[in-house]
Structure formats: structure tokens, C-alpha cells
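Open the model in your viewer and set the display to cartoon. Then follow the stops below in order.

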Amino acid sequence: MATTAVDDRRSGPPGPLPDAPPGPRRRRPGSRLKRRNTLIGWSFILPNFIGFALLTLIPVVTLFYLSLTEWNVFGGAEWVGLDNFTRLVGDPSYRTALWNTIYYSAVHIPATLVASLCLALLLNRKLRGVAFFRTVAFFPYITSIVAIAVVWNMLFSPEYGPINQFLSFLGVENPPGWTTSADSSMPAVIIVGVWREMGYYMLLLLAGLQTVPPELYEAARVDGAGAWSRFWNVTLPCLRPTMFFVTVILTINSLKVFDLILVMTDGGPGQSTLVLSQFIYAKGFEENQFGYASAVAVTLFFLCITVTIVQFLWNRRRDA
Amino acid sequence: MKRMIPTAAGTAAVVLALTACSSGSGGDEPAAAAEGPVTLTLAGWSLSTTPEFQTLADAYHEENPDVTVELAEYDATEYDTQMIADLAAGSAPDIYVQKNLKNFWTYQDGGQLMDVSDVTEGLDPATGGVDFYEVDGSSYAVPYRQDSWVLYYNKDLFEQAGVAEPDGSWTWDDYATAAEDLTSGLEEAGSDALGTYQHSWQSVVQGFALAQTEGADLTSGDFGYLEPFYDQAVALQDAGAQADFGTVTTNQLTYQAQFGTQQAAMMPMGSWYVATLLAQQESGEADEFEWGMAPIPQADASTTGTDATPVTFGDPTGLGINPALDEEKVAAAKDFLAFAAGEGGAQALAEIGITPALLSDSVVETYFGLDGVPTDELSQFAFATHDTRPENPVDADTAALQNILGDTHSEIMSESSSVADAIEGAESRAAAEVG
């Protein structure tokens, strides 16, 4: 309906004036035009919408239904009401996964934000070979995740890895076991996560930085503002829309983290890096408990949505 | 994942097949009720490097020209996920492989396997792993392949270190002592090879603990039986007689390279590794050295010695029939199962270096007739004589319990917790999360 209304307005100028008496002859081409415009409208939306509906909307709606059932793929799903959710409350592995997800996000989000902002500021100057350095910073993001995991695991190797050799050289007596120890596996994964993603967010922030009007810097300079003051009072406020967008995307991606952890530690040692997405994968695709896995996915969905809504509200308050 | 058939085994088998190719001609019964040409589809994985499926299909077709067996290829690591999806969608092949026992319950309980008790009844009683597929007195798959774990050892390195070779009488304590003696002996001889190599799979410790401990039951949720085995595994890596878990996982060590390039003098591993090692020695990926197979060390002396039957573990690989199969094809499909699990299939598989479920004297003879397979008595004994218990006892909770124990394995081997604490943690998780 909304489409039709828009189409009517669009077809206004070349068509008859709105107050012109509607004659029978004019009516036919008008309705044909209307139909044509509607069709054009649909043809723009449909390809995307069909893909979205088939691959996202229907599965998501099914997910909500499945979370209230017990289903092992074969045969019908048995309705169990909220049983899966009550089971979640008493499941120690779920609590571990939830805690690890929050731990990962709480460190990964600010660390990535700061790292990518620093990179963006550094590479927003007129340096020689700046394009080269920007590409280098972006490179980890387009490198295969499996290759990243293999190489970083070797770097982190407790005895032979260059990282611990370097730490020993600096005089650290008991360097961490990184991915081979339950205490340091999460920090190790976060380091790799930040390294991998900062290039991508740097690119978004760079785009934001380009929109900051140079006059503002000039004016600030004339007023005697130092570098820190210019950053704090000019750059950051102008960058706020971009920062908001980056934070939202970064938060959702951190809460959904899966591939990196799966290939680097597979949740281990023990359950020290088990996160929600991986828990869903294990319950669903390894143990064929699709109902229970769906219930976990529903909680992850609400976690993402709640955090995002809070971010939106906070952003709106700052805007006001 | 634990028992994934190494792709290199396939390469090996191709080489072997070329050198020892004469088609399977066992004394199997002729084709049953198949009238006119019948085409059956059979699932397999990584077909270019895993020739066992084509071998079985060809050998069967040769005996039964009316029946053609076509292969449907699946991904090796995602086999069960893809098969479950295809079965649910009604597009799975007529006959499909039970890659291990971990998911057998899912298929059987989900009504995705036809009752094949009549085929099982006709099998040679010596066929290994038949009972593992029994549920409430009926059989739902037949084993055609039964790998079991043995101890591989490098005769050259034993000689270099001046340590006595295994003689079939070893317990795990003897093995641990030998591993430490080998490590120090080799070090003195100027080699940096270690005494043994235990891969990072949970089955390397847990499979033996479950098979060799009296009264051990995975599904009981009581995992105390793991403790002595883990104490020993941790002690071995602490003593430096085995690469530690962190090094194995962070450096992605492969067991093929560790034993094949003489980094370790011993290695407990499944019998599928024979074909891989032969092929890698042929291609130059592995060094040339004298090696042998010994029975896997035992938990106590009562099952040691070549007059006893050593206890080891291994899941059979089986064939099951998709119940959605056309009715007129059922007889042919069952006949194919009988062939694959019988003498004809076993001969064809032995010729390409694969361990069949039926180890009759003539099959063992065929296997040890292959070029490069060590023919000493102990190797033959280790290969042919064993009481093989399942790694994954068939139960609704097996998959979930194995996942919990997988976490326990990495927790203990990375020495993030003590053995006792980690096992206690696994038991409380099993109580809270499973069943």
C-alpha cells in the first residue's frame, strides 16, 4: 500500500493534474500507469525480498517455533512449551557459554574500537604511501580465517612460538600458555579477534573522518586549541554518527563470534573459550538437539536486540 | 573426527590397488531376488582418495552383472551432517555408510535404517562388530570394515636406543617405561626423536580406558575409570617422553609425520594407518625404516601375551539401508550388504590395504601379502587377534557425553586442571546436562 501511495505521487507530474476532472478516457492510461509503476516497484524489491524471506525471515520464524519443541531432525517436532528454556537455566555449560560471550564482547568491543580509531587517525594524514598502509591494515580482514588461526596458533605456541620467546627475552619468567591454557586462551582469542577486525572498522571510521569539515579544525586552531582538544571537541563529536554505527555492528558481531573461536581453540581448553554460537552449533549439529539449540539461539537473538536497543536509546539521548 | 579416515590412506590404497589388483572372488552366494538390471546408490566420501566404496561396488558388480552400484559423494568431515539433511529431505542414497557409532543411534532411533537382521544372520560368526548395530534384538547395519588400535613401533629407533622391542606382553606401565627409556636412549645416541607419540584425540586416552577397565560404562556418567589412564598420559608428557599437548595442538602436528618421519619410536594408532604409512614411504613423504605392529598395551597382565586376546577399541564402519528404498530393490541392497560384510567384500578390501570386519585366515593372508606390510609374527598377531570394544557405545546420550569428555580431555592434557578435578567436573556436567 505504501508503495502505491509513493507511486501515485511519483506519477503525478507527468500525468494529469490532481484536480483535473477524471474522464473515462484518461482513467484507463492512469490505472495502467499505476499498475506499471506498482510492478516496477515490486520488481525492485522482490529479488532482495525473496532472498531475505527464504534465507532469513522464514528460518527465523521457524526458529522461534522450534525453540518450543523437541526435534532431532527426523519425524515431527514435539511441542514441549517452555521446557527448553527452563532446561537452559539449569545448564552449567550454557552459563559458561553466556559468560564467555560477555567476557569476549566486553573486552573485544572497546579494544577494537580504540585500535581501529587510532589506526584511522594515523592513516587519515597525508603520509607517503598511505594507501599502502591502509591496505596492509585491511588485509587481516580479507585473509582466510583458517590461515589466521593456524598462523596465530603457531605464534602462540608456548615453547616454540615467537611470542613467548620474545617475552622470555624481555625477562618474563612464566609466559602465558595462550591457547593451550584455560587461563589465557580467551585473551589470546581476543587479541587475534581485534587484530583481524580493526582494519575493517578502521575503513568505516576513515570514511567518517573524511566528512569532518576542515574549517572546524582551522577555527579550533585559531582559537588556540591543542591537538588533544581538537580531537576531543571536533573530531569525536563529528564522528559520532559513524562511531554509533561501528559500535552497533561491532557489538552484534562480537556477541555472534563463532568462526574464529571454532578454528582457533574449538572452545577449549576445557570450556574456557566456549561461546554461545558454538554452543548452539554443538547442540544442534553435533548432538541433533535442534529444539534446545533453537532455544539458545533465541536467547542470543534477544541478547543482541536488547543491547542494540539500549545503544539506540543512549544515542538518541545524546542527540537530544 | 576422531576416526576420520586419513585421506592419505586413499592414496595408499590406490597405489596398492595398482600393484595387487585382482578382483574379489570370495565364495559368496549368488545374487538373490534381483530380476533384471537394478541400480543401487551408495554413499561415500572423498571418493578420489577413498577407493573402498568403488572397490566394493566394482567387486559386487563383477559377481552380479545385473546390479550396478553407483556412488554418491559426500564431504568426509561433514558426512553425518549432510547425510542427516539428505535423509530428512528424502534425497539420500539407497545404501549409506555408518562412519562411526557416534551417530548410529540418531539414524536408528529416527527410523532411517531398515531392519537387516536377516543379512546379519547369514554372516560369518567371526565378523567383528556385528553386535554393535543391534537394538532390541534386531540389526540395523552390517560392518564391512573394522579398524582397531594397535601399537606401531619403529624397529630402527628401538635398536638405536638399545631398548627391547615389544613382545606382546606389555602393560601400559611397560609401555611408559619403554617410552622414557627410548627417549633417553635416543638422546644419548644423538637423536631428537621422542619415545612415543600420542595424538591429541580424546580417544587415544579414553578409548583404551573404556575398553580395558572392568565395569567401565560411558553412559553411567561415572568417569572414574579415566583417572589412571590420564595420570599416565600426563606423566608421559611431563617426563618429556611424548610431545606435550600444547605443542601438538598449536603446531598442528600430524601423527603421520610424527611416526613417518621418525620423530617418535612408538605410536598407538588405528589399523587404517598401515595403508597410509606404506603409501607415504612409497611417495617419499615418510622415511624408509623397519617398523612393526604390536598388540596395544593392556591395563593388566591378564590379557597380555600372544596366547591371550588383547583388548583394544575401534568403531566398525557399517552399511545400512535407507528405508525409503524402492521395494523391488530391497533384495539387491541386502545382497550387497551381505557381499560387503562377507568374504568377497573382505578380500576386495584387504587387497587395497583396508582392514575388513571379517578377518578370516585367507583375508589376513591377502593383507599380509601386500608389498611393504611387515610380516613378522607379532605384527600378524596384533592385526588379526583382538577383542575390539566400541569407542562409542550405542546410546541416546553418547554424542552429548562424548562432547563433554572432549572438553575434559583438553582440560586435562593442557594441564589447566588436575585429573581428578576435571573428571569430577565432567561427572557433574553429565548429571546436569544429559539424560
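Two residues are in contact here if their C-beta atoms, placed from the backbone, lie within 7 Å. Keep that cut-off in mind for the domain and chain contacts below. Remember too that this is a predicted model.

**Stop 1: chain B, whole**

Select chain B. It carries 18 helices and 13 strands. Its C-alpha trace spans about 70 × 55 × 40 Å along the principal axes. Is the radius of gyration in line with a compact globule? A compact globule of 435 residues would come out near 22 Å, and chain B has 22 Å, so the two agree. Of those 435 residues, 56% count as buried. Contacts reach far along the sequence: among those between residues at least 6 apart, 78% join residues at least 24 apart.

**Stop 2: the two domains of chain B**

Colour residues 7-148 and 314-389 of chain B as domain 1, then 149-311 as domain 2. Their C-alpha centres lie 28 Å apart. Now look at the boundary. There, 26 residues of domain 1 of chain B are in contact with 26 residues of domain 2 of chain B. On the domain 1 side, the elements that give two or more residues are helix H1 (7-19), helix H16 and strand E13 (387-389) of chain B. Which of them gives the most? Pick H1(B), with 7 residues.

**Stop 3: a sheet in chain B**

Stay in chain B and show four strands. They form an open sheet in the order E8-E9-E7-E10, with mixed pairing. Find the edges: strand E8 (194-196) and strand E10 (291-294) of chain B each pair on one side only. From one strand to the next, the twist averages 25°. Strands of a sheet pair through backbone hydrogen bonds, either parallel or antiparallel.

Zoom in on E8(B). This strand runs parallel to strand E9 (residues 264-270) of chain B, and 2 bridges join them. Click Thr196(B): its bridge partner in E9(B) is Met266(B).

Next, add helix H16 (residues 377-384) of chain B, which packs on the sheet. H16(B) touches strand E7 (149-154) and E10 of chain B. Its direction makes about 45° with that of E10(B). You met H16(B) at the previous stop, among the elements on the domain 1 side of the boundary.

**Stop 4: chain A and its annotated spans**

Switch to chain A. An unreviewed UniProt entry lists residues 39-66, 102-123, 135-156 and 290-314 of chain A as "transmembrane region". Select two of these spans in turn.

- Residues 102-123 of chain A: the span is 95% helix and 0% strand, with end C-alpha atoms 31 Å apart.
- Residues 135-156 of chain A: the span is 91% helix and 0% strand, with end C-alpha atoms 25 Å apart.

Then colour by domain. Chain A divides into domain 1 (2-14 + 23-66) and domain 2 (92-319). The centres of these two domains of chain A, taken over C-alpha atoms, are separated by 39 Å.

**Stop 5: where the chains meet**

Show both chains. Here 32 residues of chain A are in contact with 26 residues of chain B. On the chain A side, select helix H4 (92-122), helix H6 (145-156) and helix H12 (276-286), each of which supplies at least two residues. Which helix of chain A provides the largest share? Highlight H6(A), the source of 4 residues.

Conventions. Residues numbered from 1 in each chain as written. Chains lettered and ligands numbered in written order. Predicted model: local features only at pLDDT ≥ 70, side-chain atom pairs only at ≥ 80, totals over all residues. UniProt positions renumbered as here; feature names shortened; annotations may be inferred. Domains from an automatic or database assignment. Pairing = 2+ DSSP bridges. Axes fitted to C-alpha atoms, helices over the stretch in contact; angles between N-to-C directions. Rg over C-alpha atoms; globule rule 2.2 N^0.38 Å. Buried ≥ 20, exposed ≤ 12 C-beta atoms within 10 Å, placed from the backbone.
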